[in-house]
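Student: I'd like a close look at the charged side-chain pairs in this model, please. Once those are clear, carry on to the pockets and aromatic rings around them.

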Amino acid sequence: MYEYIKGIVTFVSPYYMVVETNKIGYQIAVANPFKYSAYLNKEVTVYLHQVIREDAHVLYGFSNLEEKQLFLKIISVSGIGPKSGMAIMALDDHAGLVTAIESEDAKYLTKFPGVGKKTAQQMILDLKGKLGELEIAGEPKGVVATQDDLFSTVDDSSLNEAIEALKALGYSEREIKRIKKELEVMTGRATDEILRQGLKLLMKK
């Protein structure tokens, strides 16, 4: 099993990123790959969880150990697999997630893709009182991104990339269509920024 990888970010897409170390590129699924756009060609540390299936070995990546531990708690719930777990992790408001579980707010939890009423109730049953301080969110460990780094990643395709990332997380065309006009006013902003706003809007609808 892998604990973490330290290497150079060489590729970012709506579906995964690639970290190269010792001349090997590792494909890593992360909740928001575009969080790492500002770290292209720079060294980062990514905490890992490996899932082995018959058809694939998948590496899931996290900015810090707390994020990884929160993910492991989430996928321990019956009915939540790694894909749904990553969709839940994509929302930066981990404190809001913990609050929803502690206050038994099943309606909030069902806004995540792949989480129905039954699964939301199971999350509350399994996780209430067990998350502690694991709601901490963080930026990738490594170099510190400057404003120039962030804006250097912006191009006209940023809106489309953000929409593709939302689809990759499991949000439907119908759900995305409801917020698309609000995202279109952000055209020209960094993909990471548009994606984060999209996630916030989806949780409000």
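Tutor: Happily! Counting a salt bridge when a side-chain nitrogen of Lys or Arg comes within 4 Å of a carboxyl oxygen of Asp or Glu, this predicted model has nine salt bridges. The general idea is a familiar one: side chains of opposite charge can pair when their charged atoms come close.

Let's begin with Glu-3 and Lys-68, whose side chains form a salt bridge with an N to O distance of 3.3 Å. This pair ties together distant parts of the chain, since its two residues are 65 residues apart. Glu-3 sits in the segment before strand 1, which covers 4-12, while Lys-68 belongs to helix 1, residues 65-75. How exposed or buried is each partner? Glu-3 has a relative accessibility of 38%, so it counts as partly exposed. Lys-68 has a relative accessible area of 8%, which is under the 20% limit, and therefore Lys-68 is buried.

Next come Asp-55 and Arg-53, which meet in a salt bridge at 3.1 Å, N to O. Asp-55 counts as exposed because its relative accessibility is 64%, and the cut-off for exposed is over 50%. Arg-53 has 40% relative accessibility and so counts as partly exposed.

A further salt bridge joins Glu-173 to Lys-167, where the closest N and O atoms are 3.1 Å apart. Glu-173 is exposed, with 54% relative accessible area. Its partner Lys-167 is partly exposed, at 29% relative accessibility. Elsewhere, salt bridges with shared partners link Asp-92, Asp-192 and Arg-196 into one network.

Now for the empty space. As a general point, rolling a probe the size of a water molecule over the atoms shows where empty space is left. The largest pocket has a volume of about 400 Å³. It is lined by 20 residues, and those closest to its centre are Tyr-15, Tyr-16, Ala-29, Val-58 and Tyr-60. Which elements give two or more residues to this lining? They are strand 3 (24-30), strand 5 (57-62), helix 2 (82-90) and helix 7 (158-168). In chemical terms, the lining of the largest pocket has 16 nonpolar residues, three polar ones and one charged one.

There is also enclosed space: the model has one cavity of 30 Å³ or more. The largest cavity holds about 120 Å³ of space. Its lining is made of 15 residues, and Ala-31, Asn-32, Lys-35, Ser-63 and Glu-67 are the closest to its centre. Strand 5 and helix 2 are the elements that each give two or more residues to this lining, with helix 2 giving the most, at three residues. The lining of the largest cavity divides into eight nonpolar, four polar and three charged residues. Strand 5 and helix 2 are thus named for the pocket and again for the cavity.

Tyr-60, one of the residues closest to the centre of the largest pocket, brings us to the aromatic rings. The structure holds six aromatic pairs. One of them is between Phe-62 and Phe-71, a tilted pair with ring centres 4.9 Å apart and 45 degrees between the planes. Both of these Phe residues are buried. Tyr-60 joins Phe-62 and Phe-71 in one aromatic cluster.

Two stretches also carry a record annotation. UniProt, in an unreviewed entry, places the feature "domain: Helix-hairpin-helix DNA-binding motif class" at residues 72-91 and 107-126. In the model, residues 72-91 are 65% helix and 0% strand, with their end C-alpha atoms 16 Å apart. Residues 107-126 are also 65% helix and 0% strand, and their end C-alpha atoms lie 17 Å apart.

Last stop: Met-123, which lies in helix 5, residues 117-127. Is Met-123 buried or exposed? Met-123 is buried, because its relative accessible area is 0%. Its C-alpha atom is separated by 7.2 Å from that of Ile-101, a residue 22 residues apart from Met-123 along the chain.

Conventions: Residues numbered from 1 in each chain as written. Predicted model: local features only at pLDDT ≥ 70, side-chain atom pairs only at ≥ 80, totals over all residues. Heavy atoms only, no water. Helix = DSSP H or I, 4+ residues; strand = E, 2+ residues; numbered from the N terminus. Buried < 20%, exposed > 50% of the residue type's maximum accessible area, 1.4 Å probe, protein only. 1 Å grid on protein atoms, 1.4 Å probe; cavity = no way out; pocket = protein on both sides within 12 Å on 5 of 7 lines; lining within 4 Å. Points joined across faces, edges and corners; volume = space filled by probe spheres on them. Nonpolar A, V, L, I, M, F, W, Y, C, P; charged D, E, K, R; others polar. Phe/Tyr/Trp six-rings, centres within 6.5 Å; stacked < 30°, edge-to-face > 60°. UniProt positions renumbered as here; feature names shortened; annotations may be inferred.
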